[in-house]
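Here are some short exercises on charged side chains, each with a worked solution. Have the structure open beside you and take the steps one at a time.

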Amino acid sequence: MTVRLHPHEADLLANLPEGDLIDLAVELDISVPASIERDALLHEAIERIAQLARREGLPFSEYDRMDLDDLPGEHMQALAELVGAQASVEGLLRSGRKVYKQYRKVRPNSQVALLLPMLLGPLARYASETR
């Protein structure tokens, strides 16, 4: 399934340094071709982050509160189901804090944790569409 990006998300992600995108792909075990197709790489990264979320949750912190608040209810519900949390901002933050602590210990320079706020909208839509 193709992940849809809203125009403002596409603009924001177009400014993402290529090195950060490559680091994200490497962290998610995505093969990076010699010629990078940004959209295809982002779409695959979102799918892989969803798989990762099912296995171990997502590293949310208090800084993600506003982004989570902005999600439509259906998308928040799908994201909560994805990570096994209560379908509320507090529920997602509570489960995410535990994951975030683990990331800080095991993966201190994780691109997933760093880029999650930028990818949250597309990830939540993907979770909603693939339920």
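**Exercise 1: a pair within one helix**

Glu 44 is partly exposed, having a relative accessible area of 29%; "partly exposed" lies between buried (under 20% relative accessible area) and exposed (over 50%), with a 1.4 Å probe and protein chains only. Before you go on, note that this is a predicted model, in which local features need pLDDT of at least 70, side-chain atom pairs count only at pLDDT 80 or more, and totals for chains, interfaces and linings use all residues. Residues are numbered from 1 along each chain as its sequence is written, and side-chain values use heavy atoms, with hydrogens and water left out.

Task: Find which helix holds Glu 44 and Arg 48, and how many residues apart they lie.

Solution:
- Step 1. Look in helix α3 (residues 38-56), where both residues lie. Helices are DSSP runs (H or I, at least four residues), numbered from the N terminus.
- Step 2. Count along the helix: Glu 44 and Arg 48 are four residues apart, about one turn.
- Step 3. Check the side chains: Glu 44 and Arg 48 form a salt bridge, 3.2 Å from N to O. The term asks for a side-chain nitrogen of Lys or Arg within 4 Å of a carboxyl oxygen of Asp or Glu.
- Step 4. Check the partner's surface: Arg 48 is partly exposed too, at 26%.

**Exercise 2: a pair across the chain**

Task: Work out which parts of the chain are linked by Arg 4 and Glu 129.

Solution:
- Step 1. Find the salt bridge between the two side chains, 2.1 Å from N to O.
- Step 2. Place each partner: Arg 4 is in the segment before α1 (7-14), and Glu 129 is in helix α7 (residues 111-129). The pair links distant parts of the chain, 125 residues apart.
- Step 3. Compare with the cut-offs: Arg 4 counts as partly exposed at 46%, and so does Glu 129 at 32%.

**Exercise 3: a buried arginine**

Task: Decide whether Arg 125 is buried or exposed, and list what Arg 125 is in contact with beyond its neighbours within four places in sequence.

Solution:
- Step 1. Go to helix α7, where Arg 125 is found.
- Step 2. Read its relative accessible area: at 5%, Arg 125 is buried.
- Step 3. List the contacts (heavy atoms within 4.5 Å): Arg 4, Leu 5, His 6, Glu 9 and His 75.

Definitions and conventions:
Helices (H or I, at least four residues) and strands (E, at least two) are DSSP runs, numbered from the N terminus.
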